Structure formats: structure tokens, C-alpha cells
Amino acid sequence: MFTRSSRRWAGVTVPALLLAVAGCGVWGNDSAQGTPAAAPLPSLSAPASASPSASRSVSLGSATPPVGEAELSPAVQGKKVLVVGDSWAAYFGAGMAKVASDGNVIVNAGLSGCGIMLPDTMRGKKTEPACLKWPKEWPQYMKQYKPDAVLLRTANMDMNGQSFDNSGVNLTIEYPAFRERFIKNTGRAIDILTQNGTPVYMTNARIQTGSWKNLSLKMNDVVQEVADRYKDKGVHLLDLRAQLCNDNGCPSVAGGHKLYDETDHPAEWSRDRLSIWLLNAMFAGSPAGTGSM
């Protein structure tokens, strides 16, 4: 367990997940980087008509992206947040623990290299056992910590190619079978995390470049579909994309600050501002797509 006695908050890193304080899990970087997995067999190819609709995409304008918020609302007081998902979740958990005001508790159960899909292989390698434990562990965390809100963040890891059901065939979010599994598994996670009426906050992903751009756009469409489907259960979608991108792209520098570290995760300045934005959105009703520099 990770705590600091200098302030009256606690940043709890779940011991079973072997997370470093900085939020980077032991299984390595899960940002969408490098070369996408090889295309599946032709029989599993996704027809164009099965692709998620692009109609959900809206203009972000040309203004400089806000990259979170600078000030934590006084309403974020005496709150407990459970953070689950991939390494971006872990980074945000670490950031929340740093910026949280007195009396807040952040339980950081984000795990690098692990998404929501429960695959046989991830990026061509056998799935680490830790990535397959969330259906049993997350109910335990809900019972043990009784959070006021949950951040469920898995969008980046699940842009990578994965295989299922002993097929040996890599699929991505471009394929119907993958999308159906993502929706089903995320729904299963939401059922766990909304116990006792606990609100769940999801985020979409920064728009990627090159060969990853289409994957990130399709992932964001599916995340939106999940959030819409489970809105009545207390699921909220926070527009991380709009915090980091505009219609001209996603800058790597803002306000004289580098936004990403060498692993393509949020650098400390942007991580902390985004963590403030997330906490304000959860507990102070902060607009999901705006902020101030």
C-alpha cells in the first residue's frame, strides 16, 4: 500500500497488482504504438458495412486543447475513487493521488498491458495471468473499498491485436467479433462496478496517428456505444479526446509543457491536470469536454 503522511489523503496501489508508485505496471507499456497486428484470416474480415458509424464524430474546433484543469474543486473532499483498467488508468490513478485534496482516497488498480478482453494472446504473446483476474478481483475491490466513484479506462490496450477461443487469429476493434466481445466484457465490468449505485466514469482515447488513427476512431465509437447503452446504470463518458486534440490533430506540447513521456503516456504536467479534470467531473459537475489553461 502506498501512502503519504505529509497530506491527509491516501493513494492506495493495490498490492496484488504489483504496480509501481508512478502507475506503470510490470507487464510493460500498453499505449497504441508500433505496428498493428497482422490482419485476420479473410473469412474473419470485417465488411465495410459492419464498421462503427462515423456519425458520432463531432468537430473539436481549432482552439488549443485545454489538457485538463488547473484547480481542484472544493467539492472533491472526503471522496474515495477506485481506478481500474490499463496503464493510462494507472497513470491517472497516480495523478489523482498526487492532486487529491485532504481527506480523499485513491485506490489505484490500473495495470499496464491489461485490457478488458480476457484474450488468449495479446500482441502475439500469451496473456499474462494478471490480465485475466479482473472478473474475480474487481468485485473484491468494490466490497473492500466501497468507492464513491469508479474510473474504468481500457481504451488504449484494447486497440492492440488479440486472439480468443484458441483460434490463434489476431483481431482488432475493426472486426465485429472483437467489438461484440468488447461490449459484452465491458458490460460485465459495469455490472460489477455499479454495485450499490456506484457511478462509473469511462473515457475515450486520444486520436492516434498513422496506422493507429482508424483504430482509435473505431474504439471511440464503441466506447460511446457502451456508455450510451449503460447510461441508466450510472455510466458517464468523459471526452478525453477533446482534452488532448482539436480538428488539426493532437499536439505534443501545450503551454510550454511536454504532454507525453517516452512511453507515450501522459507526462507529469498533463497527467496531473487531466487527473484534476477527472475528479472535478466526477464530484463537481465539471463540463466533460472543457477546461482552462
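Buried means under 20% relative accessible area. The model discussed here is predicted.

Q: Why is Asn 156 called buried?
A: The cut-off for buried is under 20%. Asn 156 has 1% relative accessibility, so Asn 156 counts as buried. Asn 156 sits in the loop between β6 and β7.

Q: What makes the link between Asn 156 and Arg 153 a polar contact?
A: A polar contact needs N or O atoms within 3.5 Å, one able to donate a hydrogen and the other to accept it. The side chains of Asn 156 and Arg 153 are joined at 2.6 Å. That pair therefore counts as a polar contact.

Q: Is Gln 162 buried or exposed, and how do you know?
A: Exposed would take over 50%, buried under 20%. Gln 162 has 0% relative accessibility, so Gln 162 counts as buried. Gln 162 belongs to strand β7, residues 162-163.

Q: What does the side chain of Gln 162 make a polar contact with?
A: The partner is the side chain of Asp 158, at 2.9 Å. The limit is 3.5 Å.

Q: Which residues are in contact with Gln 162, leaving aside neighbours within four places in sequence?
A: Contact requires heavy atoms within 4.5 Å. Among the residues that qualify are Met 117, Pro 119, Thr 121, Met 122 and Met 157. Val 169, Asn 170, Leu 171 and Phe 178 are also in contact with Gln 162.

Q: How do you know that the span of helix α1 agrees with what is expected?
A: The expected span is 1.5 Å times one less than the number of residues. Helix α1, residues 87-99, has 13 residues and should therefore span 18 Å. Its end C-alpha atoms are 18 Å apart, which agrees.

Q: What makes α1 mostly covered?
A: Twelve of the 13 residues of α1 are buried. They include Trp 88, Tyr 91, Phe 92, Met 96 and Val 99.

Q: Which residue caps the N-terminal end of α1?
A: Asp 86 does. A side-chain oxygen of Asp 86 lies 3.1 Å from the backbone nitrogen of Trp 88.

Q: How does helix α6 fare on span and burial?
A: Helix α6 covers residues 268-283, which makes 16 residues. From first C-alpha to last, α6 reaches 22 Å, close to the 22 Å expected. α6 is mostly covered, with 14 of its 16 residues buried. Gly 285 follows α6 and has a positive phi, near 65°.

Q: How many cavities of 30 Å³ or more are there?
A: A cavity is space where a 1.4 Å probe fits but cannot get out. By this rule there are three of 30 Å³ or more. The largest has a volume of about 110 Å³. Twelve residues line the largest cavity, and the closest to its centre are Leu 111, Cys 114, Ala 130, Trp 134 and Trp 138. Helix α2, residues 134-145, gives the most to this lining, with three residues.

Q: What kinds of residue line the largest cavity?
A: Eight are nonpolar, two polar and two charged.

Q: What lines the second largest cavity?
A: This cavity holds about 60 Å³ of space. Its lining includes Ile 116, Arg 153, Phe 182, Met 202 and Val 223. The elements that give two or more residues to this lining are β6 (149-153), α3 (176-193) and β8 (200-203). The lining divides into six nonpolar, three polar and one charged.

Definitions and conventions
Residues are numbered from 1 along each chain as its sequence is written. This is a predicted model: local features need pLDDT of at least 70, side-chain atom pairs count only at pLDDT 80 or more; totals for chains, interfaces and linings use all residues. Side-chain values use heavy atoms; hydrogens and water are left out. Helices (H or I, at least four residues) and strands (E, at least two) are DSSP runs, numbered from the N terminus. Buried means under 20% relative accessible area, exposed over 50%, partly exposed in between (1.4 Å probe, protein chains only). On a 1 Å grid over the protein atoms alone, a cavity is a set of points where a 1.4 Å probe fits but cannot get out, and a pocket is an open set with protein on both sides within 12 Å along at least five of seven lines; lining residues have an atom within 4 Å of a point. Grid points are joined across faces, edges and corners, and a volume is the space filled by probe spheres set on the points. Ala, Val, Leu, Ile, Met, Phe, Trp, Tyr, Cys and Pro count as nonpolar, Asp, Glu, Lys and Arg as charged, and the others, Gly among them, as polar.
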